[in-house]
Number of protein chains: 2
Amino acid sequence: MKPRTVQNAPPLDAAQWIEAAFDALAEGGIEAVRVDPLAKQLGVTRGSFYWHFKDRDALHQAMLRQWRERANYMIFNRLERSAESASQRLDRLLALPHATERSSRGAAIELAVRLWAQRDRNAAKAVRHVDRTRLTYFAKLLQQHGVPVVEARHRAFLFYAALMGEAWITTDNREAMRHGLRALLLAKP
Amino acid sequence: MKPRTVQNAPPLDAAQWIEAAFDALAEGGIEAVRVDPLAKQLGVTRGSFYWHFKDRDALHQAMLRQWRERANYMIFNRLERSAESASQRLDRLLALPHATERSSRGAAIELAVRLWAQRDRNAAKAVRHVDRTRLTYFAKLLQQHGVPVVEARHRAFLFYAALMGEAWITTDNREAMRHGLRALLLAKP
DNA sequence: CCCAGGCCATACACTTGTGTATGGTCCCTT
DNA sequence: AAGGGACCATACACAAGTGTATGGCCTGGG
């Protein structure tokens, strides 16, 4: 009878559904990103969802597309814009997991996507792409920092692993740890 | 009328439910470990489940207890039994993710537990415990290998992170990578 | 002013999952 | 040879989630 309340909330678009979907993904994995709870979370009914998306799977694919882009472009472009040295950039990257609540969400999303990728071919493809991009970027930075090519690739892997480890290996004194890592990873040969 | 089929399958115990639960956990996260699917998977009805466990949450807690033990004792004791040098043990640890299907399951379980730990206090506690145990063990091995105490802790973190990275960072030429990591991580100071 | 289309509520039919209550087998003991 | 307990099937009541069908509101362009 009164579909949208008198004080009209601004209408939703697909992006907001996707945002809420990432929240759910971060908390419960891909199995937890369900239409009905999302609708309740957004304060609407599923009628809205099925207008923006064909079905649940369409949402999943949209999430993958977005993750695949945001996971690289956002971070790297922002990093490249500021004119710093390679080592400064590596520093800032290492300090990244520490950031805030925001990056804790990001870490959870990373976990969830990788778990998802265990049995979903599309998710696996996205993860492969993201990993390749990041690894080659890190290797490039390390080369610019003075590390020879082959070792740069190896150390890029360590760097990447340390980045993730910082995010979800629970340990005390992260501060001290980060300094040690910095020394180990960025040592000139 | 004929509760258990004539050809009696051996009766289940709680352990088998937990095993199946870990399979589900590895595939879909904690949200996917549901009673009814597990029952179908095991070829019984939920009647069995609710005899062995009070409810779904009881199963979750039992899983945590088991993970917390198996994640450390099993691996380390087996490693300690064989009389090797510290560096040999570190080598074998680094080669661990490569192993088989079996360890792919283990990696997925690790992912799922850590994702779970984002919002479950008990899971978080288990992860903290496991991480502490592993990190101190790695640090001990590295000390035995000749690395001074403080750097041993830092390098143990890198070692741990690399171990996980190997398991779930998708990259080509894992073989070459592992050799590079070995050189970087086990270099004498 | 009106009406087409963007956006959403409502209702309905299923499906899947949870938990409980109860009873039926089988085996092991006494 | 009972009888008790381990183990599970069955049935029931309910809750939650998925899609579909349909119609209503509300805004902008002619």
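**Notebook: two chains, their rings and a helix**

I began with Tyr50(A), which counts as partly exposed because its relative accessibility is 45% (buried is under 20% relative accessible area, exposed over 50%, partly exposed in between, with a 1.4 Å probe and protein chains only). I note that this is a predicted model, where local features need pLDDT of at least 70, side-chain atom pairs count only at pLDDT 80 or more, and totals for chains, interfaces and linings use all residues. Residues are numbered from 1 along each chain as its sequence is written, chains are lettered from A in the order in which they are written, and side-chain values use heavy atoms, with hydrogens and water left out.

**Rings.** I searched the whole structure for aromatic pairs and found 13 over all chains. Rings of Phe, Tyr and Trp (its six-membered ring) pair if their centres lie within 6.5 Å; planes under 30 degrees apart are stacked, over 60 edge-to-face, and the rest tilted. Phe49(A) and Tyr50(A) are edge-to-face, because their centres lie 5.0 Å apart with the planes at 85 degrees. Phe49(A), at 0% relative accessibility, is buried. Both residues belong to one aromatic cluster with Trp17(A) and Phe53(A).

I then looked at Phe138(B) and Phe159(B): centres 5.1 Å apart and planes at 65 degrees, so this pair is edge-to-face. It links helix α7 of chain B, home of Phe138(B), to helix α8 of chain B, home of Phe159(B), across 21 residues. Helices here are DSSP runs (H or I, at least four residues), numbered from the N terminus. Both rings are buried.

**A small residue.** Where does Ala126(A) lie? I found it in helix α7 (residues 121-144) of chain A. Ala126(A) is buried, at 4% relative accessible area. Leaving out residues up to four places away in sequence, Ala126(A) touches Leu64(A) and Trp67(A) (contact means heavy atoms within 4.5 Å). The C-alpha atoms of Ala126(A) and Trp67(A) are 8.1 Å apart, with their positions 59 residues apart along the chain.

**Helix α9 of chain B.** I looked up which residues are buried in α9(B): Met177(B), Arg178(B), Gly180(B), Leu181(B), Leu185(B) and Leu186(B). Their cover includes α8 (149-168) of chain A, along with α5 (86-94), α7 (121-144) and α8 (149-168) of chain B.

**The two copies.** I laid chain B on chain A: the RMSD is 0.1 Å, after a turn of 180 degrees and a shift of 0.0 Å along the axis (least squares on C-alpha atoms of residues with pLDDT of at least 70 in both). The copies are therefore related as by a two-fold rotation axis. In chain B, Ala161(B) has the C-alpha nearest the axis, 2.6 Å from it.

Technical notes
Helix = DSSP H or I, 4+ residues; strand = E, 2+ residues; numbered from the N terminus.
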